[in-house]
Amino acid sequence: MAPGTVDIESSPDELDDFPLSANRNRTPTISTKRKKRRAPPPQPPKRPRRQAASRVTRSLNDSSLGPTSNNSSLQQQQKSQRNYRRPASIDTNRESERKEAISAKDIFDAVSSGKTAMVALVDEWLDCYKQNRENGLLVLYNFIVQSCGCKGVISREMLDKMENAKIIGTLTKEFNEDSVIYPLSTPSPQLKHFRAGLYEFAKVLVHSCQNSIIYDEYLFQSLLSLLTGMSDSQVRAFRHTSTLLAMRLMTGLVEVAVTVCDQLQTTQRRYDTEKNKRANDRAVDRLNDLQVTINELVEKKEDLSAMINSTFRGVFVHRYRDKLADIRVSCISELGVWMKINPEKFLDDSYLKYLGWTLYDKQSPVRLQCVRALQGLYQDEKFSGHLELFTSRFKERMLCMVQDKDSDVAVEVVRLLLMIQQDSEEALTEEDCGCIYPVIYTIHRGLASAAGAFLYNKLKSLSSQNRTDNEKGQKENFFQMLISFFIQSEFHEHATYLVDSLWDVAGSEMRDWDNMTSLLLHDTRLMDEEETALIDVMMCAMRQAAQATPPVGRSQSKKVQSKKDRTIQEQDKRRITTHFIPLLSQLLEKYSADAGKVSLLLRAPLYFNLEMYNSAQRMEKHLDQLLSQVCGILEKHTAGIVLEACTYVVNVLCSNAYTFSSRANLVFSQLMDSLVERFNTYLSDLLEGTAEENDMCRASNALKRISALSGAKDPTGWKLFDSCVKLLQSMLESRELNTELMVSLLRFAFLHLSWARVNAETSNLPEADLKQLRREMRLFCRICQTCLPLPQSTIRDQAFELLCDLLLLFSQGSIGTNQQLQALVHLPSDSLRSEMASFLMEIIFNDSDDAELHGHNEEEMRITLLQRKRNQLAGYCKLIIYRVLDLVAATDVFKHFSTHFKDFGDIIKETINKSKLINPVQSAKTVCLTLQQLFSEMEDKNRKNLGELRDLGKMLALTFGPHLHRVREPLVTLHMDGIRFGLRVPEDGEDQDLYVLFLEVLSEFSLKLLPQDGAQLAAYFKSECPSAALSWPSTKVYLRSLETRSTRPREQKRVGDAGSSGQTPVAKRRRKVVPQVSKATGGSFLDSSSIPSILPTPAEKSTMIKKPNQKLPRSPSLDSGGITEVDSEDDFPSVPQMRKAKPVKRLTTSSSQANTSTDAMNLNSHLTLLSLIEDDQTEQMEEDDIEEYDSDSDHGSSYILPSTRHTPVSVLDELFD
């Protein structure tokens, strides 16, 4: 073994204390300087161990001591050699002595194609190497250079006379590529298999050389020496490709080292067995052969240890913190492989610390690869003892990563924590688990499912601790613990998210209808709150099984169900129906008095296969029981949630798709008759104003039940509309308003008109009936308009919502081209539009109602109020979108875009986008009119401060999108209107620059102008503006915005030309100061330069979405002595600082360099290299994922719970549907 090498069994402290030289080209065992070769001296006789090695190798290969890893794939490749097609440059006649030698291009083409048998390719190169090892090595060198995307070539003269550093420097000068793309980074389809092919080539190369060539002290030492020098290059292509190859070769060396160790142990056991025999039975020759074999294997182990340690120190230690994320990913990925292959060597705290530090990496792909490497370790139980210290040191970081801003990382971290919990229940405390439980309710389904698996494992482990005699008892314990968790998690309204999170891992438990109904009907231990929670979970599980629809905000990975999934869904639906048809009546009877439980249980028929009611005679009995119980619930309850649930059930049971619908229609018609008769009993007293309070309450309850039935059945046959309208008019005239009765009357009148509108479309009504319907509709609109200014919030809110829906129902867009129904088209009057706009400003966008909320449930009331306002605003915006109201009416909505963005921003933005589809130019005019109205409403003293108005203009400008050509005409129109407004002549007594101030707001839209439009608008403005006004500050601001926009592309013309020509423009790079080189070295700065791997110790930059002012602790060191690397403070500099740094204009040299003639001659060539040499600023700008997360108080966590404030897209679709 060469002096200065480190044994593979060296202690971690020796490895950590190794000095990190500034020039990393000098590795401990592999010299990067290649002296001029001389004629080889006479070779001494070979040592006996080499001869013995050949014999032992043959014997070991025939025995079970040969390498066992990855042999299957290699054997398959060997079998496929007959199908191997060599590149065109390789002569297929192997028997001919005149065949042409393999070239670097041949190897590159074969690796790039991904279709070549790699074993045959490596064998072809090995034949060349065995004939002339210098030529073979030169071919391999040039293959690596070509794999980097470099057009330079290493000649035989360069190989013999130049050091590795000078070779790399010469190749760098010849790297005259116009693009920064190289084979490992190119997106072209021709090279999509290159990375995998390069991996396979390195793997097969080590495997093919493991028996002899790997120990010749020439090939791998020279190859690793070159790769170590290239990995220290400032050229990204060199650094990336060489690091990937070096790491892959090291993986192969580790595999070979493990195989050699196994062989050594086996041979040592054979030697000991033979030696322990009696002297007469002992075979001396065999004992000597085994001793020679042991010596050979020990030397092989030492050689491999030297190469492994040198590669780890020369490449990994510096490149695991490289600026390029792909390089860091390669290092961490291979480190995880080494730990699994050779845990005795690498599964140590001195190596595990690199994984711990990488958990703080600022780029998500690196963190993701690190977590996956840890998963490979934690899933193996035999490694648990080695990971205890690592778990205790980095557990806090892993828990923080549950809230990682990259959802893929968060998913893998939760799975990692599940492995840790399964490995040791004491590793995670209840407080630690509490960091994972809230993720169950996130809208990201993958993350929620991972958290659900974690919860399921926890519940199963707890239920197994409670000793029960039968399986049923264990299942009941599971449900009781699940319900306790659901109640304690305080997300009672989101059971559907809990069920969806547990569905993949606990599907059998969630489908255990027997145990759930048994607990509800026969178990008396459940408290009232637990029963409600269990019913809620059970109904959500039924919905998931029968419909397979995700909760709001979550999207399934499969957009279309497969045939197998549909079959499973039908089977689940059939089982649900069979089980619940006889038990539903019992459940409804038991909980008939509880409105909350009944409203949940009434969902069950929605998930039934209702055709089964006709499958047998006994099922009809259960149908009669269900109809009777629904009628009884309607008679007993008046709560809104119960009546709404009854409406859905009645609608399903009365559907004409089922043969039993006639029976259901008859039952509910009889109920309707009794309710109408009951209401008519109190009608005369109500009209005369002599009804008592109890009578008004009874009439209101009867009308609520009638409205509930009217949601599913046509009520026009009972002729109640006229009576309800007369009662409404009477109450409005007398101002004796009963809130519940008024709301019930308004709702029933709306349902009556809706059914009449449907009947008019489905049947040919006479003209007289159509005129009557139109009169009724207009009368109801006037009544709703009268209710809008009322102080009773419940009445006015109901009137506004019904009015929006009714106007939409009788709009031109709803009726369409049906000529018969054209008489029903109704447009709101000017007075009605004014009333609705006043309601919008005074009620919806007024925050005074929020300030009046007090009490213990203030937050819940605030959310309810916000949800109602959002529904009202969505109803008003639908009138604009469907052209019931003019686009000018949208100004009352747009002007609140910035002030109420948190609560209504999604609805307003959707309205703006929809308005552009109607008329882009008119939409732009509306935006300008909005700003003009706000400007005119401002007082004179406040017009000097246009901060809020400019913020609104900036937000509205962003809604025009990035495609400037599409919005060219609307934007020019907007600017023209703004210029006309800004140049208006002030009235008497007003300041001369009163309206000119508006131009500052208009300047916010200049960024979206095309250059030619900006120039034309600037010329137009100068021609229209008085000469005296051109010197005013507001005028200068606006002109500067137009002129800057028009001149900016000229400054970037060169970049634009490069982009338009289809070529990738060369990125601008900061000039670097050439390091000072002493005269003694006599070489260029490329010979001794070493790229700093940013800064050594990983920065504890939190990648979780965190709360403000929340700091992470320092990264701990695993080994007791710690790692004392000289540059271990901050591995990844702050990205915003790097982006703000200004590049140096020109490269400057020191005085000593100026005096050196050689350096002066090479200065120009050095300057041309700067487009290839990376610096901190350019790397961070090219890597889009490297960015510091800016904390926001509105985003305290990465998981987003279902909320009315953060409305998913599907909710918006429902609002605007």
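1. Let me start with a cysteine: Cys-784 counts as buried, because its relative accessibility is 0%. Please keep in mind throughout that the model is predicted. Cys-784 takes part in no disulfide, and its nearest cysteine sulfur, on Cys-787, is 6.1 Å away. A disulfide would need the two sulfur atoms within 2.5 Å, so this pair does not qualify.

2. A second cysteine deserves a similar look. How many disulfides does the structure hold? The number is zero. Cys-148 is accordingly in no disulfide, and the nearest cysteine sulfur, that of Cys-150, lies 7.5 Å from it. Is Cys-148 buried or exposed? Cys-148 counts as buried, since its relative accessibility is 0%.

3. Now for the chain as a whole. The protein chain has 54 helices and zero strands. Of its 1217 residues, 52% count as buried. If you take the contacts between residues at least 6 apart in sequence, 77% of them join residues at least 24 apart.

4. The packing around H35 is a good place to linger. Helix H35 covers residues 793–809 and helix H39 covers residues 858–881; their axes come within 9 Å and cross at roughly 30°. The limit for a roughly parallel pair is 35 degrees, so H35 and H39 fall in that class. Their crossing is left-handed.

5. Which residues bring H35 and H39 together? On the H35 side they are Asp-797, Phe-800, Glu-801, Cys-804, Asp-805, Leu-807 and Leu-808, and these meet Arg-868, Gln-872, Gly-875, Tyr-876, Lys-878 and Leu-879 of H39. By class, this contact has six nonpolar, two polar and five charged residues.

6. H35 also packs with helix H37 (residues 830–844), where the axes come within 12 Å and cross at roughly 130°. That angle makes H35 oblique to H37, because it stays below the 145 degrees that a roughly antiparallel pair must exceed. The crossing of H35 and H37 is left-handed.

7. The residues of this second contact are worth selecting in your viewer. Arg-796, Asp-797, Phe-800, Leu-803, Cys-804 and Leu-807 of H35 meet Leu-832, Met-836, Phe-839, Ile-843 and Ile-844 of H37. What is the make-up by class? The contact of H35 with H37 has nine nonpolar residues, two charged ones and no polar ones. Phe-800 of H35 appears in the contact with H39 and again in the contact with H37.

8. Two loop residues may catch your eye on a backbone check. Ala-548 is not a glycine, yet its phi is positive, at about 55°. Ala-548 sits in the loop that joins helix H25 (528–547) to helix H26 (563–590).

9. The other is Lys-719, again a residue other than glycine, with a positive phi near 55°. Where does Lys-719 lie? Lys-719 is in the loop between helix H31 (693–710) and helix H32 (721–734). Its relative accessible area is 66%, and therefore Lys-719 is exposed.

10. Last, a pair of residues brought together from separate parts of the sequence. Gln-922 belongs to helix H42, residues 920–937. The C-alpha atoms of Gln-922 and Pro-970 are 7.7 Å from each other, with the two residues 48 apart along the chain. Gln-922 counts as partly exposed because its relative accessible area is 29%.

Note on methods: Residues are numbered from 1 along each chain as its sequence is written. This is a predicted model: local features need pLDDT of at least 70, side-chain atom pairs count only at pLDDT 80 or more; totals for chains, interfaces and linings use all residues. Side-chain values use heavy atoms; hydrogens and water are left out. Buried means under 20% relative accessible area, exposed over 50%, partly exposed in between (1.4 Å probe, protein chains only). Axes are lines fitted to C-alpha atoms, for helices over the stretch in contact, and angles run from 0 to 180 degrees between N-to-C directions. Helices (H or I, at least four residues) and strands (E, at least two) are DSSP runs, numbered from the N terminus. Angles under 35 degrees count as roughly parallel, over 145 as roughly antiparallel, 65 to 115 as roughly perpendicular and the rest as oblique. A crossing is left-handed if the near helix is turned anticlockwise from the far one by less than a right angle, and right-handed if clockwise. Contact means heavy atoms within 4.5 Å. Ala, Val, Leu, Ile, Met, Phe, Trp, Tyr, Cys and Pro count as nonpolar, Asp, Glu, Lys and Arg as charged, and the others, Gly among them, as polar.
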